[in-house]
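The following exercises concern the packing of helices and the pairing of strands in a single protein chain. Please work through each task with the sequence and the model at hand before reading the solution.

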Amino acid sequence: MATRSLWRTRGKLAVAAAALLTGGATATVATSEDPATALKLCTAVPVRLYRNTVTAASIAFDYEYSLWGLSEGSVEKAKVKHEVHLRSARKLQELCFKNGGIYIKLGQHLGQLEYLVPEEYVQTMRESMLNKCPVSSYDQVCEVFKKELGETPDKIFEEFDPVPIASASLAQVHVARTLDGQKVAVKVQHTHMTDTATADRATVEVLVNTLHGVFPSFDYRWLIDEIRESLPKELDFLVEAKNSEKCLENFRKLSPHIAEYVYAPKVHWNLSTSKLLTMEFMDGAHVNDVKTIQKLGIQPNEVATLVSQVFAEMMFRHGFVHCDPHAANLIVRPLPSGKRTILGKRKPQLVLLDHGLYKELDFTTRFNYASLWKVHFYFHLPSLFTGIFPLSMA
């Protein structure tokens with residue numbers, strides 16, 4: 001009886017989702033000021049919603065059915081739960097690749113939440129999502145340029161490489177040279193993000209809430225808050241540009257003792273919009289590329305110390321924290337002033353990239369977090385010295 005009920009629920013979710021969007025498609029196209037974009041939405045979104053519904057219902061059903069009647073804490077239940085986690089993670093992975101856009105971003109985000117979601121999800125997403133992002137064609141890039149700046153890249157830049165040097169879930173980066181000869185990096189938002197991001201966000205919210213109503217134990221409503229807060233900021237490149245300038249200004253005003261050791265690429269405002277971002281091109285080594293860092297004449301331990309100092313200043317002093325500090329977004333280069341250490345090694349400068357997402361921390365949060373570290377250090381200090389010296393000496 002329970003099995004039949006779950007299957008009926010799964011079917012109802014899929015049918016209702018399809019009917020909900022296809023029923024309003026004709027009206028949406030007819031009343032839109034941009035029929036071409038509206039048509040894209042009305043053809044792409046119902047397909048995505050149907051995939052979402054079928055996948056989510058399948059995952060929820062798998063958990064409910066496979067774990068039915070198994071004793072909590074038993075070895076058998078742990079084994080079955082591991083298998084369900086793995087199957088479900090693969091289903092979710094397949095959904096993200098098929099839908100693309102914010103779903104790739106969502107998969108990448110899940111891959112960083114080892115403290116919140118099962119390990120099977122984390123490993124599955126990490127193995128696949130970080131290196132398999134969509135790439136827009138040059139024609140699609142030209143389409144974005146025409147909408148944003150009125151001309152194609154070859155008319156705006158002296159040189160523009162049509163092959164991107166990097167592609168992420170929301171955008172890709174091209175190397176170009178301005179008319180006055182400056183080498184720049186041009187971040188171009190994927191066209192499908194522009195067309196479907198808002199609708200995709202809405203469908204994710206509807207499905208997560210619906211699934212929680214049908215299966216109360218399947219509660220991933222925290223995803224809604226994450227997407228609602230972060231996605232609009234990351235999709236507006238002017239927010240990213242302003243964040244980069246505010247970050248450097250904070251170091252100049254609040255942390256002048258290390259301000260020269262932190263840098264963000266200069267923004268070319270006349271060549272930037274909410275969907276295009278033109279920045280100074282930066283050369284250097286990724287923060288985890290030890291061999292290249294050493295070839296630059298920089299000591300890796302100096303880099304480690306600098307990274308810790310920079311993010312400590314942001315967290316505890318500025319209250320304005322870069323929220324995506326993975327290796328590709330942290331570049332190390334020799335300090336332009338040419339300063340060296342007492343051993344004759346070059347001093348490092350940390351270049352921060354991708355300023356789309358920042359978190360603002362109020363004073364209370366910063367104070368409590370600093371207090372937590374003080375308490376942690378106080379209680380672990382004796383064990384630290386015991387580990388360094390023999391117990392009789394400590």
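**Exercise 1. Determine how the axes of H4 and H5 are arranged, which residues make the contact, and how H5 is covered.**

Solution.

Step 1. The axes of H4 and helix H5 (residues 102-110) cross at roughly 145 degrees and come within 7 Å. Axes are lines fitted to C-alpha atoms, for helices over the stretch in contact, and angles run from 0 to 180 degrees between N-to-C directions. Helices (H or I, at least four residues) and strands (E, at least two) are DSSP runs, numbered from the N terminus.

Step 2. H4 contributes Leu 92, Cys 96, Phe 97 and Asn 99 to the contact, and H5 contributes Tyr 103, Ile 104, Gly 107 and Leu 110. Contact means heavy atoms within 4.5 Å.

Step 3. By class, the residues of this contact of H4 with H5 are six nonpolar, two polar and no charged. Here Ala, Val, Leu, Ile, Met, Phe, Trp, Tyr, Cys and Pro count as nonpolar, Asp, Glu, Lys and Arg as charged, and the others, Gly among them, as polar.

Step 4. Seven of the nine residues of H5 are buried, and the helix is mostly covered. The buried residues are Ile 102, Tyr 103, Ile 104, Leu 106, Gly 107, Gln 108 and Leu 110. Buried means under 20% relative accessible area, exposed over 50%, and partly exposed in between (1.4 Å probe, protein chains only).

The model is predicted: local features need pLDDT of at least 70, side-chain atom pairs count only at pLDDT 80 or more, and totals for chains, interfaces and linings use all residues. Residues are numbered from 1 along each chain as its sequence is written, and side-chain values use heavy atoms, with hydrogens and water left out.

**Exercise 2. Describe the packing of H4 against H6.**

Solution.

Step 1. Two packed helices are described by the angle between their axes and the distance between the axes. For helix H4 (residues 75-99) and helix H6 (residues 119-129), the angle is about 35 degrees and the axes are 8 Å apart.

Step 2. The crossing of H4 past H6 is right-handed; that is, the near helix is turned clockwise from the far one by less than a right angle.

Step 3. On the H4 side the contact includes His 82, His 85, Leu 86 and Arg 90, and on the H6 side it includes Glu 120, Tyr 121 and Met 125. The residues of the contact of H4 with H6 divide into eight nonpolar, six polar and two charged.

**Exercise 3. Establish which strands pair with E4, and in which sense.**

Solution.

Step 1. Strand E3 (residues 171-177) and E4 run antiparallel and are joined by seven bridges. Two strands pair if DSSP finds at least two bridges between them. Val 188 in E4 is the bridge partner of Gln 172.

Step 2. E3 and E4 form a hairpin with five residues between them, and Gly 181 in the turn has a positive phi of about 90 degrees.

Step 3. E4 also pairs with strand E6 (residues 276-280), in the antiparallel sense and over five bridges. There Val 188 stands opposite Leu 276.

Step 4. Six of the seven residues of strand E4 (residues 183-189) are buried. E6 is largely enclosed by the rest of the structure, because four of its five residues are buried.

**Exercise 4. Compare two loop residues: are Thr 178 and Asp 161 buried or partly exposed?**

Solution.

Step 1. Thr 178 is placed in the loop between E3 and E4. Its relative accessibility is 5%, so Thr 178 counts as buried. Not counting residues up to four places away in sequence, Thr 178 touches Phe 157, Glu 158, Val 184, His 268 and Leu 271.

Step 2. Asp 161 lies in the loop between strand E1 (159-160) and strand E2 (166-167). Because its relative accessibility is 34%, Asp 161 counts as partly exposed. Leaving aside neighbours within four places in sequence, Asp 161 is in contact with His 174 and Val 175.

**Exercise 5. State the order of the open sheet of four strands and locate H13 relative to the strands.**

Solution.

Step 1. The order is E5-E10-E9-E7, with mixed pairing. Strand E5 (262-263) and strand E7 (285-286) are the edge strands, each pairing on one side only.

Step 2. E5 and strand E10 (residues 348-352) pair in the parallel sense over two bridges, and Leu 350 in E10 is the bridge partner of Val 262.

Step 3. Helix H13 (residues 300-318) lies across E5, strand E9 (330-334) and E10, at about 50 degrees to E10.
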